Amino acid sequence: MENNSATFRPIWLNSAGDTVNVIDQRALPHRRVEMALNSVDQVIFAIREMVVRGAPLIGVTGAFGVFVALKTHPDCLADPAFIRDQAEKIVRARPTAVNLAWAVNRALSAVLAEKDPARRVDVARRTACEITEEEVENSKNIGRYGLPIIEEIARNKPGKPVNILTHCNAGALACIEYGTATAPIYAAHASGIPVHVWVDETRPLNQGSRLTAWELGRAGVPHTVITDNAGGHLMQHGRVDLVIVGTDRTTHTGDVANKIGTYLKALAAKDNGVPFYVALPSSTFDWTLRDGLSEIPIEERDADEVRYIPGAAKSRDYLLMPAESPAANFAFDVTPARLVTGFITERGICRADAADIRRLFPEKYPPEIP
Ligand code: MRU
């Protein structure tokens, strides 16, 4: 990972192509720590404990997990039940981001379609690499299609920066390169448009203040970290021109699951007439779900993530509240389609409704979905 570059990869194969390495995102921004994923249990640990995180990266890691499962069990290559079981274990690591099931199932299908068991390890590796490159390409195109939205705002306030608010981290760390929400911002910055990003800190794990701020700083994009509750105030005072966020799962009707707090930003944006865009690759659409609120599984994580803020070492975590008070840690919320101005996808921009999503992705709709 070179310094001061907007784009980098948080997952890679070693030069021999037999070991999957990741950046341990828990240590950022203070330390750069790498981790090799040498077993399926390590892959599951990395996803569950958020060594890797962000919907597209979770998917790619899961696909590489199928490769790791086969590579470490050469005696089971001819055993479809074993291979399916390993894949299912990986999918269960985290519930909300649909990319995980999507990518693991794609790797699984490719492996099982290969009738020569001796070639299945190669097929798994190749499929995971293909998904990786597709996600990189998707992010690039999201940047290309999102750029005109920022250009238009910039035209209407010449000489002044376009203020963009984002939540959580939907940057290179979450998406392999460029990011989704960050890709239009990088494209605007590269084309000389003055941009400034309001970065929600994103409690409890601080993906905004730890990761998005770090990425934007490396890329030289002006930004300011704000508390999660500041966005509404800034919108009321005309200090936010645009909101762009990522998503972990979006229904084919346009309901958006994303990091907890996204819904409140969408409400404030609606109340203040601020455009609220969601940037996503097609791998994050769940083509089977209609109603986000009732159907998208919302992960509830360990309450200790709310109780403690990490120090330099686990033993140095800081307790933030009375030790005996109960805490709850809902990791995601659902923003209804009616609050979303539009989706920025790898095929262009669409409204948050089934008909317009279908216009961009007609082949994804099985005939039984009207
Ligand atoms: O819990 P996380 O950090 O995996 O949650 C990530 C997010 O909510 C991101 O905003 C989302 O995955 C979009 S990343 C393209």
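Where is the place of Pro204? In this predicted model, Pro204 is found in the loop that runs between strand S5 (195-200) and helix H8 (207-219). The residue before it takes part in a notable bond, to which this report returns after a description of the ligand site.

**The ligand and its surroundings**

The shell around the ligand is made of 19 residues, of which Arg53, Arg94, Asp248, Asn258 and Lys259 come nearest. By chemical character, the residues of this shell divide into eight nonpolar, seven polar and four charged.

Several polar contacts to oxygen atoms of the ligand can be listed, as follows.

| Residue | Atom of the residue | Distance to an oxygen atom of the ligand |
|---|---|---|
| Gly54 | backbone N or O | 3.0 Å |
| Asp248 | polar side-chain atom | 2.8 Å |
| Asn258 | polar side-chain atom | 2.7 Å |

Taken alone, the ligand exposes 410 Å², and the protein buries 100% of that area. The space that the ligand takes is the largest cavity. Three elements each give two or more residues to the shell: helix H2 (55-72), helix H6 (172-175) and strand S9 (256-259).

Why does the ligand lie between domain 1 (11-134) and domain 2 (145-364)? Both domains give residues to the shell around the ligand, and it therefore lies between them.

**Backbone features**

Most peptide bonds are trans, and most residues other than glycine have a negative phi. The following cases depart from these patterns.

The peptide bond from Arg203 to Pro204 is cis, with omega near 5°. As stated at the outset, Pro204 belongs to the loop between S5 and H8.

A cis peptide bond also joins Leu28 and Pro29, and its omega is about 5°. The loop that holds Pro29 connects strand S2 (20-23) with strand S3 (34-37).

Cys168 concerns phi instead: its value is near 65°, which is positive although the residue is not glycine. Cys168 lies in the loop between strand S4 (162-166) and H6. Helix H6 is also one of the elements that give two or more residues to the shell around the ligand.

How values were computed: Residues are numbered from 1 along each chain as its sequence is written. This is a predicted model: local features need pLDDT of at least 70, side-chain atom pairs count only at pLDDT 80 or more; totals for chains, interfaces and linings use all residues. Side-chain values use heavy atoms; hydrogens and water are left out. A residue is near a molecule or strand if one of its heavy atoms lies within 4 Å of it. A polar contact is a pair of N or O atoms within 3.5 Å; within protein, one must be able to donate a hydrogen and the other to accept it, and residues adjacent in sequence count only if both atoms are side-chain atoms. Accessible areas come from the Shrake-Rupley method with a 1.4 Å probe; for residues, only the protein chains shown count as cover. On a 1 Å grid over the protein atoms alone, a cavity is a set of points where a 1.4 Å probe fits but cannot get out, and a pocket is an open set with protein on both sides within 12 Å along at least five of seven lines; lining residues have an atom within 4 Å of a point. A molecule sits in a cavity or pocket if more than half of its atoms lie within 2 Å of its grid points. Helices (H or I, at least four residues) and strands (E, at least two) are DSSP runs, numbered from the N terminus. Ala, Val, Leu, Ile, Met, Phe, Trp, Tyr, Cys and Pro count as nonpolar, Asp, Glu, Lys and Arg as charged, and the others, Gly among them, as polar. Domain bounds come from an automatic or database domain assignment.
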